[in-house]
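Colleague: I am new to this structure and would love a close look at a single part of it. Could you walk me through one residue and its surroundings?
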Amino acid sequence: MTLGVCGAAAAFSGDTYLRLYGPSGAEVASNDDSRGLGSQISYTVPTTGTYTLRMGCYNSGNCSGTVVWNVP
(Lines give C-alpha, C1' and ligand atoms only; values in the text may rest on other atoms or scores of the structure.)
Protein backbone atom coordinates (compact mmCIF):
# COMPACT_ATOMS: atom_id res chain seq x y z
CA MET A 1 0.00 0.00 0.00
CA THR A 2 1.04 3.57 -0.53
CA LEU A 3 0.02 6.30 1.92
CA GLY A 4 0.83 9.95 1.58
CA VAL A 5 0.01 13.62 1.61
CA CYS A 6 1.68 14.19 -1.74
CA GLY A 7 0.27 12.89 -4.99
CA ALA A 8 -2.67 13.28 -7.34
CA ALA A 9 -5.51 13.55 -4.79
CA ALA A 10 -3.54 14.45 -1.67
CA ALA A 11 -2.72 17.90 -0.40
CA PHE A 12 -0.59 19.38 2.37
CA SER A 13 0.95 22.53 3.77
CA GLY A 14 3.96 22.81 6.04
CA ASP A 15 6.36 19.99 6.87
CA THR A 16 4.40 16.76 7.41
CA TYR A 17 5.48 13.50 9.04
CA LEU A 18 3.75 10.10 8.73
CA ARG A 19 3.96 7.10 11.07
CA LEU A 20 2.38 3.70 10.42
CA TYR A 21 1.71 1.34 13.34
CA GLY A 22 1.05 -2.39 13.00
CA PRO A 23 -1.46 -4.61 14.81
CA SER A 24 0.79 -4.90 17.89
CA GLY A 25 1.00 -1.10 18.18
CA ALA A 26 4.66 -0.97 17.14
CA GLU A 27 5.78 1.53 14.51
CA VAL A 28 6.40 -0.36 11.24
CA ALA A 29 7.15 2.56 8.88
CA SER A 30 7.61 6.32 8.93
CA ASN A 31 8.52 9.09 6.53
CA ASP A 32 9.46 12.76 6.46
CA ASP A 33 10.11 14.73 3.28
CA SER A 34 9.45 12.12 0.60
CA ARG A 35 8.57 14.80 -1.94
CA GLY A 36 9.69 18.22 -0.82
CA LEU A 37 8.14 18.65 2.62
CA GLY A 38 5.36 16.12 1.88
CA SER A 39 5.47 12.62 3.37
CA GLN A 40 4.74 9.29 1.70
CA ILE A 41 5.07 5.66 2.82
CA SER A 42 5.12 2.55 0.62
CA TYR A 43 4.64 -0.55 2.75
CA THR A 44 4.00 -4.23 2.05
CA VAL A 45 1.64 -5.52 4.73
CA PRO A 46 3.03 -8.85 5.99
CA THR A 47 0.09 -9.81 8.23
CA THR A 48 -3.60 -9.15 8.65
CA GLY A 49 -4.89 -6.91 11.37
CA THR A 50 -5.60 -3.28 12.10
CA TYR A 51 -2.98 -0.74 11.09
CA THR A 52 -3.02 2.85 12.34
CA LEU A 53 -1.67 5.83 10.41
CA ARG A 54 -0.79 9.05 12.20
CA MET A 55 0.11 12.31 10.53
CA GLY A 56 1.87 15.08 12.34
CA CYS A 57 4.21 17.97 11.80
CA TYR A 58 7.98 17.69 11.79
CA ASN A 59 9.63 19.33 14.77
CA SER A 60 6.30 20.51 16.24
CA GLY A 61 5.79 23.00 13.43
CA ASN A 62 2.52 23.98 11.80
CA CYS A 63 1.17 21.77 9.04
CA SER A 64 -2.01 20.26 7.66
CA GLY A 65 -2.86 17.69 5.05
CA THR A 66 -5.21 15.21 3.49
CA VAL A 67 -3.85 11.68 3.55
CA VAL A 68 -4.63 9.47 0.56
CA TRP A 69 -3.94 5.74 0.36
CA ASN A 70 -3.81 3.22 -2.43
CA VAL A 71 -4.09 -0.50 -1.77
CA PRO A 72 -3.50 -2.48 -4.98
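Leaving aside neighbours within four places in sequence, which residues is Tyr-43 in contact with?

Modeller: Happy to help! Please keep in mind that this is a predicted model. Beyond its neighbours within four places in sequence, Tyr-43 is in contact with Met-1, Leu-20, Val-28, Ala-29 and Tyr-51. Tyr-43 itself is buried: its relative accessible area is 16%, and the cut-off for buried is under 20%. Tyr-43 also belongs to the largest nonpolar core, a set of six residues in which it is joined by Leu-3, Leu-18, Leu-20, Ala-29 and Ile-41.

Now to the rings. A pair of aromatic rings is described by the distance of the centres and the angle of the planes. Searching the whole structure turns up one aromatic pair. This pair is made by Tyr-43 and Tyr-51, with ring centres 6.3 Å apart and planes at 55°, so it counts as tilted. Another tyrosine ring, that of Tyr-21, has the charged end of Arg-54 sitting over it, 4.9 Å from the ring centre.

Let us finish with the strands. An open sheet of three strands follows the order S5-S1-S8, and its pairing is antiparallel. Strand S5 (40–42) and strand S8 (68–70) are the edge strands, each pairing on one side only. On average, neighbouring strands of this sheet are turned by 10° against each other, direction ignored. Strand S1 (residues 2–4) is joined to S8 by three bridges, and Gly-4 stands opposite Val-68 in S8.

How values were computed
Residues are numbered from 1 along each chain as its sequence is written. This is a predicted model: local features need pLDDT of at least 70, side-chain atom pairs count only at pLDDT 80 or more; totals for chains, interfaces and linings use all residues. Side-chain values use heavy atoms; hydrogens and water are left out. A nonpolar core is a set of buried Ala, Val, Leu, Ile, Met, Phe, Trp, Tyr and Cys residues joined through side-chain atoms within 4.5 Å. Buried means under 20% relative accessible area, exposed over 50%, partly exposed in between (1.4 Å probe, protein chains only). Contact means heavy atoms within 4.5 Å. Rings of Phe, Tyr and Trp (its six-membered ring) pair if their centres lie within 6.5 Å; planes under 30 degrees apart count as stacked, over 60 as edge-to-face and the rest as tilted. A charge sits over a ring if NZ of Lys or CZ of Arg is within 6 Å of the ring centre and within 35 degrees of the ring normal. Two strands pair if DSSP finds at least two bridges between them. Helices (H or I, at least four residues) and strands (E, at least two) are DSSP runs, numbered from the N terminus. Axes are lines fitted to C-alpha atoms, for helices over the stretch in contact, and angles run from 0 to 180 degrees between N-to-C directions.
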